[in-house]
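Here's a quick briefing to read with the structure open beside you. Have a look around first, then work through the points below.

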Protein chains: 2
Amino acid sequence: MQSAVTCPIPFQQYPQVLLAHGGGGRLMHQLIEDMLLATFQPEPDWQHDAASLTMAGNRLAFTTDSYVVTPLFFPGGNIGSLAIHGTVNDLAMAGARPCYLSLSFILEEGLPMETLWQVVQSIQTAAQQSHVKIVTGDTKVVDRGKGDGIFINTSGIGVLEHRGFIGPRSVQVGDAVILSGDIGRHGIAILSAREGLTFETTIESDSAPLVDPVLELLQRWPVHCLRDLTRGGLASALNEIALAARLTIELESAAIPVEGQVQGACEILGLDPLYIANEGRFVAFVPASAASDVLDCLQQHHAQAQIIGHVVDDQRALVMIKNALSSQRILDFLSGEQLPRIC
Amino acid sequence: MQSAVTCPIPFQQYPQVLLAHGGGGRLMHQLIEDMLLATFQPEPDWQHDAASLTMAGNRLAFTTDSYVVTPLFFPGGNIGSLAIHGTVNDLAMAGARPCYLSLSFILEEGLPMETLWQVVQSIQTAAQQSHVKIVTGDTKVVDRGKGDGIFINTSGIGVLEHRGFIGPRSVQVGDAVILSGDIGRHGIAILSAREGLTFETTIESDSAPLVDPVLELLQRWPVHCLRDLTRGGLASALNEIALAARLTIELESAAIPVEGQVQGACEILGLDPLYIANEGRFVAFVPASAASDVLDCLQQHHAQAQIIGHVVDDQRALVMIKNALSSQRILDFLSGEQLPRIC
């Protein structure tokens, strides 16, 4: 395949890269779909969170993420733990058991050595908790003012042990949509650290490895699709799945767990928790017949797991949300970005 | 294994990260060995350029590199082609056939979209020439002034098809050291682009994929060790190997090919080509009996390939270089760094 000579993103409309091109909304999806996927054509094995590869008869998953979160330390984690959780979760979402990670630093000249050491220790702790081993790495240093303390890339390899395909194209009409816990914590934790906001009690990031609940689900039930709720939050994740599956998702607003303090912070800040990033939450699409058993299992891992909706036979590929008065509205992709650099 | 509580790098001596911590010399090795390898303990499978993994009975190689080269475009390449060549070469140096790459961007807000598009096209061309497929990716955007245009991470997976271990611990007394071509081009190309230096003809980077010559060597001869000559150049690569192999390497200065213009530029700039980075050159350690056949093969790929020295039974683990008058001197590790951000 040859690259097109003309850039699929019109320079006149978008002469420069904007923060929103990394924000999880429409512009980011345009950049990825129209420029990157169109050029590299990773299909048919490409999936949202990781690629699935067959090497010498074995099915592997392979994923990468760079982490640019600011500030480097926030309630409930730091860039180091986040860089492990984010990448092992991407492997888990592809239905893989995470095995090996690479670790690459871009450090800014002048970074306190002690900061680096704290991050390195968090990385090792998080890797142990996520049952992965860091096996290869790289370190680069950029001049003062050309970076922002620490950027981290982790890439990961996992093994696909089950037979089915976990992804939007396995989603079926009637599937239950189960959310693994309350939403909005990570984004609000980052924002409060960044802006020096204080609440009654500290809102901690939900950043955590999702390997254990996911592997349990995969062993016991025919899971159709998994997706962690990172940039763009629940709303963006579900819109991506609806679009890829060409089916519509109906949600019950009242069923979506948002902690009181997170809800309060969102109201003060004018933010919608449905679009806020999480780093330890996911949605599972499972057959309706398995929904209550899957829910029981997920509630063992997190008490606030809930069935939040289901898939309907409507090829408009929308996400619809019903409020307490039973009126429905479209829950759309975010146009720009809500919070930059949350991961 | 638990992380030590005390940082192995003394904060009093090194309170901050310096550019030299990424420069390929002593400080970088101290950071990697004492802090990172000591914490993550990737042994016994860890190798310099890539980790070798056994997954479901298959031997794979896994590697990662972040690219922060400045300027983004230079004679003979750009950050995109470099990010492919560097990573496929790391896999090749571990004796692996490169298969799949991940691609992760950290873009600075305000980057011209056209620049990104040029880099993306170079990446795709270089991937095709290197026989690898980009299968997964990530895009982050950082605020203006918190990055430097484009940083790229590529991680790669390859298949180890041969039986032997390719690395310093396979190096034996008597091995010939064969250099795959002339040295110093990449560093001088970067430096001249950065400083606006002009020479009679443009010195182009040697950046290129090394997959084809390496796979040919591996199929035909019992190769003991391979190493590409990136940060820190030939001198650093050989010092690392000598140290890891606990053997001494003797070089013939006159045998090391340096192009006249590169030599001239080095003299003007006060640089030693032995420490200048390359991105398309490697050394192979092979049994003396195979040396002339290997040389013939490598000269098919690059006319300036040369046998530049051999391994001697001297456990001081030094690199010695003999000049035209047959006097020998120690060719040491570089203490700081010669050229920052050349890859």
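What follows is a short tour, from the overall build down to single residues.

This is a predicted model, so local features are described only where pLDDT is at least 70. Chain A carries eight helices and 14 strands, and its domain assignment splits it into domain 1 (42-160) and domain 2 (168-330). The sections below start with chain A as a whole, then pick out a helix, some backbone oddities and three buried residues of chain B.

**Chain A as a whole**

- For 343 residues, a compact globule would have a radius of gyration near 20 Å, and chain A agrees with that because its own value is 20 Å.
- If you like to think in boxes, the C-alpha atoms of chain A fit into roughly 55 × 55 × 50 Å along the principal axes.
- Buried residues make up 63% of the 343 in chain A.
- Take the contacts in chain A with a separation of 6 or more: 84% of them come from residues 24 or more positions apart.
- About 12500 Å² of chain A is exposed, with carbon and sulfur atoms supplying 48% of that area.
- On the charge side, chain A has 20 positive and 36 negative side chains. The centres of those two sets are 4 Å apart.

**The two domains of chain A**

- Domain 1 of chain A and domain 2 of chain A have their C-alpha centres 23 Å apart.
- Their contact draws on 25 residues from domain 1 of chain A and 26 residues from domain 2 of chain A.

**Helix 5 of chain A**

- Which residues of helix 5 (residues 211-220) of chain A are buried? They are V211(A), P213(A), V214(A), L215(A), L217(A) and L218(A).
- The helices that these buried residues of helix 5 pack against are helix 2 (79-93) and helix 8 (291-301) of chain A.
- The strands they pack against are strand 5 (96-108), strand 9 (225-228) and strand 11 (282-286) of chain A.

**Backbone oddities**

- In chain A, the peptide bond from T70(A) to P71(A) is cis, with omega near 0 degrees. P71(A) sits in the loop between strand 2 (58-67) and strand 3 (73-74) of chain A.
- Over in chain B, T70(B) and P71(B) are joined by a cis peptide bond, with omega about 0 degrees. Look for P71(B) in the loop between strand 2 (58-67) and strand 3 (73-74) of chain B.
- H131(A) isn't a glycine, yet its phi is positive at about 60 degrees. Its home is the loop between helix 3 (113-129) and strand 6 (133-142) of chain A.
- H131(B) is another non-glycine residue with a positive phi, near 60 degrees. You'll find H131(B) in the loop between helix 3 (113-129) and strand 6 of chain B.

**I134(B), with neighbours in both chains**

- I134(B) is part of strand 6 (residues 133-142) of chain B.
- Is I134(B) buried or exposed? It counts as buried, because its relative accessibility is 6% and the cut-off for buried is under 20%.
- Leaving out residues up to four places away in sequence, I134(B) touches F40(A) and P42(A) from chain A, plus I84(B), L101(B), L103(B), I123(B) and A127(B) from chain B.
- G167(B) is 33 residues from I134(B) along the chain, and their C-alpha atoms are separated by 27 Å.

**V88(B), in a helix**

- V88(B) belongs to helix 2 (residues 79-93) of chain B.
- With a relative accessible area of 0%, V88(B) is buried.
- Its contacts, setting aside neighbours within four places in sequence, are P98(B), L101(B), S130(B), V132(B), P209(B) and V211(B).
- Between V88(B) and I256(B) there are 25 Å from C-alpha to C-alpha, for a gap of 168 residues along the chain.

**A277(B), in a loop**

- A277(B) lies in the loop between helix 7 (260-269) and strand 11 (282-286) of chain B.
- Although it's a loop residue, A277(B) counts as buried at 5% relative accessibility.
- Not counting residues up to four places away in sequence, A277(B) touches G184(B), H186(B), G187(B), L229(B), T230(B), R231(B), G233(B) and I342(B).
- One of those partners, L229(B), is 48 residues from A277(B) in sequence, while their C-alpha atoms are 6.3 Å apart in space.

Definitions and conventions: Residues numbered from 1 in each chain as written. Chains lettered and ligands numbered in written order. Predicted model: local features only at pLDDT ≥ 70, side-chain atom pairs only at ≥ 80, totals over all residues. Heavy atoms only, no water. Helix = DSSP H or I, 4+ residues; strand = E, 2+ residues; numbered from the N terminus. Rg over C-alpha atoms; globule rule 2.2 N^0.38 Å. Buried < 20%, exposed > 50% of the residue type's maximum accessible area, 1.4 Å probe, protein only. Contact = heavy atoms within 4.5 Å. Areas by Shrake-Rupley, 256 points an atom, 1.4 Å probe, with all protein chains shown as cover. Lys, Arg positive; Asp, Glu negative; His and termini not counted. Charge placed at Lys NZ, Arg CZ, Asp CG, Glu CD. Domains from an automatic or database assignment.
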